Amino acid sequence: MTKRAYNFNAGPAALPLEVLEQAQEQFVEYKGIGMSIMEISHRSKEYEQVNDETQQLIKELLELPEGYKVLFMQGGASTQFTMLAMNLLTAGKTGSYVMSGAWAEKAYQEAQLLGDVAIAASLREGGLLNLPSISELKLPENSAYLHITSNETIAGTQFTAFPDTGSLPLIADMSSDILSRKFDASKFAMIYAGAQKNLGPSGVTVVIVREDLFKDAPKKIPTMLSYSTYLKNNSLYNTPPVYSVYMVNLVLKWIKKNGGLAAMEVRNREKAALIYNTIDDSRGFYEGLAEKADRSLMNITFKLQSEELEKKFLKEAVEQGFVGLGGHRSVGHLRASTYNAVPYESCKALADFMLHFQKNIG
Ligand SMILES: *Cc1c(COP(=O)(O)O)cnc(C)c1O
């Protein structure tokens, strides 16, 4: 057995060991066809089955009602920032954004290049990292949609509820928390997520759309940047990222086998609690960067009393087999990403290491 690291990378991030082993088993020869899945046509019946089954699994796990389609696209969540504006920000319309942090900001800035945008809610000034209140949104009359980032990966903040927008399409970037908990997906007109945090490897972006969303989209959109191309062609207009979709398929089956979203949520809460409790019980030795009410179950951001101490922490952590605990370069400090595939044991080991480190220093 190879020794697996305690992987707290923010993205690309940990994958379930079981999934990696299954992929390894099928790597050279996929289901007796004498080739790997990477070496066959995306129009083969083998890949078509992966394509259809993966869509079906996402619908099933999210309990999506009729009228939704699941698309597999490329260019990461970042390309969705552009595409959704290109397809929805028609003349006279405004894209409304909940400004929750760095990722929301990027989505907003991309839309601004293409049309009118408005800020529906902003962060509160001062204090710890927080989330805007979504109970009073400022929505212009001519809003085309409301965009929200369910989990701010860099700050470590996560919405626990979503606004009711009535007939106004609600669009979410769920790149870093999709399938990590139960929520009412039918509230959303569109949900998108780069796969490399909670769904699989990088290379594919999962996009869930209500079929009527793009009915008024401008006619003159480049083919590859038009959602209708993917809708009409079952995500097979051009060559899809076959291996990435295949890996997402295995991850979805793993989630299903392990109890679906309700079970993921229970486990994710337990995992995050191990680390947050260690922070909160440390009498100020560790401090969380986010306000308690806004804390993310996926990205736990925290700090120590000095940069020097943080350097020492990271150095010792690496020696003990912990990976990915440095904060994002824009926020600094420390971050532990505890996505679905991060085992409880890794979180327990981190909590133990944190206690041990504090004892030795303090
Ligand atoms: C990582 C991330 C992105 C960017 O994803 P790419 O696939 O690299 O473009 C966007 N939004 C959120 C919330 C993220 O965590």
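**View 1. The open seven-stranded sheet of the predicted model**. In this predicted model, seven strands are arranged as an open sheet whose order is 2-10-9-8-5-3-4, and their pairing is mixed. The edges are taken by strand 2 (68-73) and strand 4 (116-121), and because each of these has a single partner strand, one side of each is left without a neighbour in the sheet. From one strand to the next, the twist averages 20 degrees. Helix 3 (residues 76-88) packs on this sheet, where it touches strand 2, strand 3 (94-98), strand 5 (143-149), strand 8, strand 9 and strand 10 (205-210). The direction of helix 3 makes about 150 degrees with that of strand 9.

**View 2. Strand 9 and its two partners, strand 8 and strand 10**. Strand 9 (residues 190-194) pairs with strand 8 (residues 170-173) in the parallel sense, over three bridges. Within this pairing, Asp173 stands opposite Tyr192 of strand 9, and Ala172 has Ile191 as its bridge partner. Strand 10 runs antiparallel to strand 9, and five bridges join the two; here Met190 has Val209 of strand 10 as its bridge partner.

**View 3. The two covered faces of strand 9**. Strand 9 is mostly covered, five of its five residues being buried. In a regular strand the side chains alternate between the two faces of the sheet. Met190, Tyr192 and Gly194 lie on one side of strand 9, while Ile191 and Ala193 lie on the other, and these residues are all buried, which leaves both faces covered.

**View 4. The largest nonpolar core, seen around Leu62**. In soluble globular proteins, nonpolar side chains tend to be buried together. The largest nonpolar core here holds 54 residues, of which Leu62, Ile148, Leu179, Phe188, Leu199 and Ile208 touch the most other members. Helix 6 (residues 242-257) gives this core its largest share, ten residues. When neighbours within four places in sequence are left aside, Leu62 is in contact with Leu179, Phe183, Ala185, Ile208 and Leu261. A second core, separate from this one, has 33 residues, including Ala13, Leu274, Met298 and Ala349.

**View 5. Ser346 and its surroundings in helix 9**. Ser346 is part of helix 9, which spans residues 344-361. Its relative accessibility is 5%, and because residues under 20% are classed as buried, Ser346 counts as buried. Apart from neighbours within four places in sequence, the contacts of Ser346 are with Tyr6, Phe8 and Phe322.

**View 6. The whole chain, as context for the close-ups**. The secondary structure of the chain amounts to nine helices and 14 strands. Along the principal axes, the C-alpha atoms fill a box of roughly 65 × 60 × 30 Å. The radius of gyration is 21 Å, which agrees with the value near 21 Å for a compact globule of 362 residues. Buried residues account for 53% of the 362 residues in the chain, and the accessible surface comes to about 16,400 Å², 51% of it belonging to carbon and sulfur atoms. Among the contacts in the chain with a separation of 6 or more, 67% are between residues 24 or more positions apart.

Technical notes:
Residues are numbered from 1 along each chain as its sequence is written. This is a predicted model: local features need pLDDT of at least 70, side-chain atom pairs count only at pLDDT 80 or more; totals for chains, interfaces and linings use all residues. Side-chain values use heavy atoms; hydrogens and water are left out. Two strands pair if DSSP finds at least two bridges between them. Helices (H or I, at least four residues) and strands (E, at least two) are DSSP runs, numbered from the N terminus. Axes are lines fitted to C-alpha atoms, for helices over the stretch in contact, and angles run from 0 to 180 degrees between N-to-C directions. Contact means heavy atoms within 4.5 Å. The radius of gyration is taken over C-alpha atoms; the globule rule is 2.2 Å times the number of residues to the power 0.38. Buried means under 20% relative accessible area, exposed over 50%, partly exposed in between (1.4 Å probe, protein chains only). Accessible areas come from the Shrake-Rupley method with a 1.4 Å probe; for residues, only the protein chains shown count as cover. A nonpolar core is a set of buried Ala, Val, Leu, Ile, Met, Phe, Trp, Tyr and Cys residues joined through side-chain atoms within 4.5 Å.
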